[in-house]
Amino acid sequence: MPVAPQPTLVASVLPADFANLGAQLQELDKAGLDRVQWDVMDGRFVPNLTFGPDVIASTRGLVGLGFEAHLMVEDPDPMLPRWVEAGCEIVIVHAEASTHLHRTLARIAELGARAGVALNPATPLSAVHHVLDLVDLLLVMTVDPGFGGQRYLASMEPKIAAARAEIDRRGLDIELEVDGGIDGSTIAAASAAGAGVFCAGSALFAGAGTFTDRVAALRTAATTGAAA
């Protein structure tokens with residue numbers, strides 16, 4: 001009987017202590033986390049403003065964690081090279097923000113990064129059917145993007161399941177990620193719907209125990225369905 005793949009855990013940096021960002025990333029690295037998601041916001045596509053590529057680059061040499069840039073910005077194209085230069089192996093753009101999505105995804109690949117596309121909760125899966133052959137990662141948002149700490153939208157589970165079915169039907173090698181409200185009480189349902197990559201913020205940076213305890217608890221909950 002085949003062994004189910006281990007869930008991939010990604011930390012959103014939004015809840016991090018930015019005065020001690022490097023040290024916290026090193027703790028997460030030691031705790032067994034897989035990747036870090038850099039939530040890039042421009043104050044226009046979403047009502048929040050975060051950071052640029054220089055912040056990412058300043059931490060790249062401190063950890064061996066994978067880096068993914070989640071670009072919640074109106075026009076991602078002009079800055080694409082900067083995120084790759086900063087050390088992001090995955091660059092995720094929003095289907096809603098990319099006027100020429102084929103071109104944008106192809107450009108990310110040309111730059112040597114893996115291409116990701118994200119869907120807001122109100123955006124149907126059909127919006128990316130025509131570009132899945134260019135995608136390495138599909139991100140289904142389980143909250144409206146812009147702020148951490150929001151409540152998980154269980155109504156997105158049918159979209160996650162449909163995405164998993166479409167990926168499998170077409171035999172594509174695409175990671176299926178979920179982001180928003182992921183914690184010990186929601187990760188099992190997202191996993192059961194078909195997600196394999198889970199981006200968590202508050203559940204990793206706050207709560208009982210150490211970073212190691214929180215990473216292990218989320219991984220267990222995603223694998224076994226037991227609440228963490």
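This report walks through the salt bridges of the model above and then the strands and helices around strand β7.

The structure is a predicted model, so please read every value below as computed from predicted coordinates.

## Salt bridges

Let us begin with the charged side chains. Side chains of opposite charge can pair when their charged atoms come close. In this model the count comes to 13 salt bridges. Three pairs are set out here, each with its N to O distance and the relative accessible area of both partners.

| Pair | N to O distance | Accessibility of the Arg | Accessibility of the acid |
|---|---|---|---|
| R107 and E110 | 3.6 Å | R107, 35% | E110, 59% |
| R164 and D168 | 3.3 Å | R164, 23% | D168, 49% |
| R170 and E166 | 3.5 Å | R170, 31% | E166, 13% |

How far apart in helix α4 are R107 and E110? They are 3 residues apart in this helix, which covers residues 101-110, and that spacing separates them by about one helical turn. R107 is partly exposed, whereas E110 is exposed.

R164 and D168 belong to helix α5, residues 157-169, and sit 4 residues apart, again about one helical turn. Here D168 is partly exposed, and R164 is partly exposed as well.

The pair R170 and E166 joins two settings: R170 counts as partly exposed, while E166 is buried. With a relative accessible area of 13%, E166 falls under the 20% cut-off, which is why it counts as buried.

Beyond these pairs, salt bridges also link R35, E68, R114, E175 and E177 in a network. Two members of that network, E175 and E177, lead us to the next topic, since both lie on one side of strand β7.

## Strand β7 and its neighbours

Is strand β7 buried or exposed? In β7, residues 175-179, 5 of the 5 residues are buried, so the strand is largely enclosed by the rest of the structure. In a regular strand the side chains alternate between the two faces of the sheet. For β7, one side carries E175, E177 and D179, the other carries L176 and V178, and all of these are buried, so both faces are covered.

Which strands pair with β7? One is strand β6, residues 137-141, which runs parallel to β7 and is joined to it by 5 bridges. Another is strand β8, residues 197-200, paired with β7 in the parallel sense over 3 bridges. E177 has a place in both pairings: it is the bridge partner of L139, and it stands opposite V197 in β8. This is the E177 that also takes part in the salt-bridge network.

The helices complete the picture. β6, α5 and β7 make a right-handed β-α-β unit. A right-handed β-α-β unit is also made by β7, α6 and β8, with helix α6 covering residues 187-193.

## A163 in helix α5

Finally, a look at a residue of the helix in the β6-α5-β7 unit. A163 is found in helix α5 and is buried, with a relative accessible area of 1%. What does A163 touch, leaving aside residues up to four places away in sequence? Its contacts are L125, L138 and L176. L176 is one of the buried residues of β7. A163 can also be placed relative to A195: the two are 32 residues apart along the chain, and their C-alpha atoms are separated by 8.8 Å.

Terms used: Residues are numbered from 1 along each chain as its sequence is written. This is a predicted model: local features need pLDDT of at least 70, side-chain atom pairs count only at pLDDT 80 or more; totals for chains, interfaces and linings use all residues. Side-chain values use heavy atoms; hydrogens and water are left out. A salt bridge is a side-chain nitrogen of Lys or Arg within 4 Å of a carboxyl oxygen of Asp or Glu. Buried means under 20% relative accessible area, exposed over 50%, partly exposed in between (1.4 Å probe, protein chains only). Two strands pair if DSSP finds at least two bridges between them. A crossover is right-handed if, with the strands pointing away from the viewer, the path from the first strand over the helix to the second runs clockwise. Contact means heavy atoms within 4.5 Å.
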